[in-house]
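User: Please take me through the charged pairs and the sheet of this model, giving the cut-offs behind each term.

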Amino acid sequence: MAKAATKTVTVEQIGSPIRRISEQRQTLIGLKLNKMRRRSILPDTPEVRGMIAAVKHLVRVVDGQ
């Protein structure tokens, strides 16, 4: 059986977590982001999309991958 290719989403941190509430900082860590301009490739699941929506002012979804 061949594995089905899973969809991925690439997110980039564009905002600083300084002076943000701790839940937003923890969400960035959960998205594997902790420094400006860092990118992370994650599975495109409803859970990840919800995390992105929670910190949408600090991250952006990058096209191309």
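**Charged pairs and the sheet**

User: Which side chain is joined to that of glutamate 12 by a polar contact of 2.6 Å?

Analyst: A polar contact of 2.6 Å joins the side chain of glutamate 12 to one other side chain named below, where the term means a pair of N or O atoms within 3.5 Å, one able to donate a hydrogen and the other to accept it within protein, with residues adjacent in sequence counting only if both atoms are side-chain atoms. This is a predicted model, in which local features need pLDDT of at least 70 and side-chain atom pairs count only at pLDDT 80 or more, while totals for chains, interfaces and linings use all residues. Residues are numbered from 1 along each chain as its sequence is written, and side-chain values use heavy atoms, leaving out hydrogens and water. The partner in the contact is arginine 60.

User: How many salt bridges does the rule count?

Analyst: Side chains of opposite charge can pair when their charged atoms come close. The rule asks for a side-chain nitrogen of Lys or Arg within 4 Å of a carboxyl oxygen of Asp or Glu, and glutamate 12 satisfies it with arginine 39 at 3.6 Å between the closest N and O atoms, and again with arginine 60 at 2.6 Å. Aspartate 44 and arginine 49 also form a salt bridge, their closest N and O atoms being 2.8 Å apart. By this rule the salt bridges number three.

User: Which residues are linked in a network of salt bridges?

Analyst: Glutamate 12 forms a salt bridge with arginine 60. Glutamate 12 lies in strand β1 and arginine 60 in strand β3 (residues 59–62), so this pair ties together parts that are 48 residues apart in sequence; strands are DSSP runs of E with at least two residues, helices are runs of H or I with at least four, and both are numbered from the N terminus. The network consists of Glu12, Arg39 and Arg60.

User: Is glutamate 12 buried or exposed?

Analyst: Buried means under 20% relative accessible area, exposed over 50%, and partly exposed in between, with a 1.4 Å probe and protein chains only. Arginine 60, at 41%, is therefore partly exposed. Because the relative accessibility of glutamate 12 is 5%, this residue counts as buried.

User: In what order do the three strands form the open sheet?

Analyst: Two strands pair if DSSP finds at least two bridges between them, and β1 and β2 pair in the antiparallel sense over five bridges. In this register threonine 10 stands opposite isoleucine 41 in β2. The three strands form an open antiparallel sheet, and their order is β2-β1-β3.

User: Which helix packs on the sheet?

Analyst: The helix in question spans residues 46–54 and touches β1, β2 and β3, contact being heavy atoms within 4.5 Å. Its direction makes about 20 degrees with that of β1, where axes are lines fitted to C-alpha atoms, for helices over the stretch in contact, and angles run from 0 to 180 degrees between N-to-C directions. The helix packed on the sheet is α2.

User: What separation do the C-alpha atoms of glycine 15 and valine 55 have?

Analyst: Glycine 15 is placed in the loop between β1 and α1 (22–30). Leaving aside neighbours within four places in sequence, glycine 15 is in contact with Met36 and Leu58. Glycine 15 and valine 55 are 40 residues apart along the chain, and their C-alpha atoms are separated by 9.4 Å.
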